[in-house]
Structure formats: C-alpha cells, structure tokens
Amino acid sequence: MTAILDADEIRRRATALGEWFHNIDLHGVPTAPNHFLGDYPTVKWRHFADAVPQDLTGLSVLDIGCNGGFYSLEMKRRGAARVLGVDSDKSYLAQARFAAEVSGLDIEFRELSVYDVGALGEKFDVVLFMGVLYHLRHPLLALDLIHEHVARDCLVFQSMQRGADTAAPVKEDYDFWDTAEFDRHDWPKLHFIEHRYAHDGTNWWVPNRACVEAMLRSAGFAITAHPEPEVYICRRVDAPAGAEAVYPVRERRA
C-alpha cells in the first residue's frame with residue numbers, strides 16, 4: 001500500500017526530481033507552477049478532453065513521449081485497464097513514476113524511443129503521441145512505426161504548428177513544371193530547424209496545419225476530429241502504398 005505523503009514531502013520530492021515540464025497537481029502541490037505556458041498541459045487538455053472517450057474501461061493505452069505523465073494519469077483515471085507510458089528521458093520517467101505513486105494510480109513506465117516501439121510486441125486500443133513529432137529527426141518514420149507496430153484503433157496526436165492554419169485540398173498529381181503550388185501559404189510545409197528553436201536543440205521541425213494533416217493521412221491515420229488547433233483524433237486505416245516502416249527494431253545488448 002502506497003504511503004500517504006504530506007504536502008511538504010510531496011513538494012520536497014518533486015523538487016528533487018528536477019525541473020518539470022508537466023504541471024501536475026499532486027494533492028494541492030503543483031509540479032511546475034511557473035510554467036511559461038501557464039497551467040500546462042491542463043490548459044490544452046481542457047480544449048480536447050471531451051473528444052477522448054470518457055470511459056476507457058477494459059482498454060489499453062500507450063502514451064509515447066509521456067514526459068511527466070500528465071496524459072497517462074488522465075487515461076488511467078478514465079478507467080483504462082492498462083496504461084503504458086514510454087519516454088527516452090530517464091528524468092521525465094522518474095517524475096512520471098512519482099506522479100503516479102502520489103496519485104495512487106497503477107501505471108507502467110518504460111524507457112523507450114518511439115523508433116523502438118516495435119520491441120513492445122503488442123498493439124494498443126489508444127495511442128497518445130503528444131508533442132513529440134517536432135522533436136524527432138525522422139518524424140514521418142515515427143508515424144509509420146506507430147501505425148505498423150502499436151496502433152490498433154485510435155491515435156490522439158498533437159504537434160506544435162507554425163505558418164498557415166488552413167489546409168486546402170491537394171491534387172493526386174502535379175506536372176513537373178507546375179511550381180507555383182509550392183509558394184502557396186497553405187501547401188503542406190515542414191520547416192527544418194538546423195540549430196535551435198525556443199532555446200531547444202531538440203526542436204528539429206515545425207509543420208504547418210496542412211503538413212500535419214498530410215503526414216497523418218500518408219501514414220495511415222484517418223482524421224476523425226480536430227477539437228483543438230494542434231490536436232487530432234484519428235483512426236488507424238490501411239496505409240497507402242509505399243508507407244511501410246523500414247526502420248528495424250534495434251538489437252538489445254546486455
């Protein structure tokens with residue numbers, strides 16, 4: 001049985017785990033009270049929470065890039081039978097484990113890269129892929145791997161976006177000499193960041209809305225809802241020809 005910690009002990013242990021990106025309320029103790037985005041990610045969650053099934057009883061959830069565990073906690077509170085949070089950052093995983101412990105929620109956390117999700121060897125009813133795409137050197141590969149290895153049905157996706165917030169229909173094909181399309185503001189664009197953006201060296205790409213939606217479709221995810229400017233609810237469908245993931249699961253060595 002998990003011991004009940006008082007506010008001072010929660011605050012002490014949360015502080016010892018380093019700087020939090022997820023502001024999580026742990027029995028009245030906020031983990032990131034001075035977050036530059038405000039009460040994040042609660043402020044974002046409020047805009048799309050109703051688009052995610054309220055009752056997840058009996059379902060499995062995979063939270064890729066779980067960070068401090070905010071969304072993993074929310075999925076477990078909705079009754080998910082199993083929630084697995086994965087992240088490549090050990091410090092975030094330590095925070096997530098602590099948040100789950102204090103909250104009294106049975107959630108599993110593992111150190112795992114999105115590129116290695118095939119090593120899990122199972123599919124999940126709901127996959128969360130929140131705020132990860134633009135931190136990856138190979139973003140479309142990550143979506144392909146999620147589709148091939150772990151997504152059974154629902155994908156909840158979020159990405160930072162910049163540029164045009166409109167997405168006009170695109171044709172099936174364009175002539176070699178038709179170059180004007182590339183100058184359209186609403187053409188799918190994935191902006192590459194060579195150095196840093198927002199003082200973060202892991203921000204490699206910033207897509208516009210048209211690009212996000214095109215990438216999801218091209219990886220085999222049909223968009224069913226767009227409840228918040230950066231959030232999409234998708235269903236897994238057959239991937240188009242040529243969309244197979246080619247990145248192998250890395251060999252694990254002792």
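Arg 82 is partly exposed in this predicted model, because its relative accessibility of 24% lies between the 20% under which a residue is buried and the 50% over which a residue is exposed. The side chain of Arg 82 meets that of Glu 122 in a salt bridge, with 2.7 Å from N to O, and this pair links distant parts of the chain, since the two residues are 40 residues apart. The structure holds 14 salt bridges, and the points below describe some of them.

**Around Arg 82 and Glu 122**

- Arg 82 belongs to strand 4 (residues 82-87), whereas Glu 122 sits in the loop between strand 5 (108-111) and strand 6 (124-130).
- Glu 122 also counts as partly exposed, with a relative accessibility of 27%.
- A network of salt bridges links Arg 82 and Glu 122 with Glu 108 and Arg 110.

**The pair Arg 235 and Asp 153**

- Arg 235 and Asp 153 form a salt bridge in which the closest N and O atoms are 2.8 Å apart.
- This pair, too, links distant parts of the chain, with Arg 235 in strand 11 (residues 231-236) and Asp 153 in strand 7 (residues 151-158), 82 residues apart.
- Arg 235 is partly exposed at 35% relative accessibility, and Asp 153 is partly exposed with a relative accessible area of 33%.

**The pair Arg 184 and Glu 181**

- The side chains of Arg 184 and Glu 181 come together in a salt bridge, at 2.3 Å from N to O.
- Glu 181 counts as buried, because its relative accessible area of 17% falls under the 20% cut-off.

Conventions
Residues are numbered from 1 along each chain as its sequence is written. This is a predicted model: local features need pLDDT of at least 70, side-chain atom pairs count only at pLDDT 80 or more; totals for chains, interfaces and linings use all residues. Side-chain values use heavy atoms; hydrogens and water are left out. A salt bridge is a side-chain nitrogen of Lys or Arg within 4 Å of a carboxyl oxygen of Asp or Glu. Helices (H or I, at least four residues) and strands (E, at least two) are DSSP runs, numbered from the N terminus. Buried means under 20% relative accessible area, exposed over 50%, partly exposed in between (1.4 Å probe, protein chains only).
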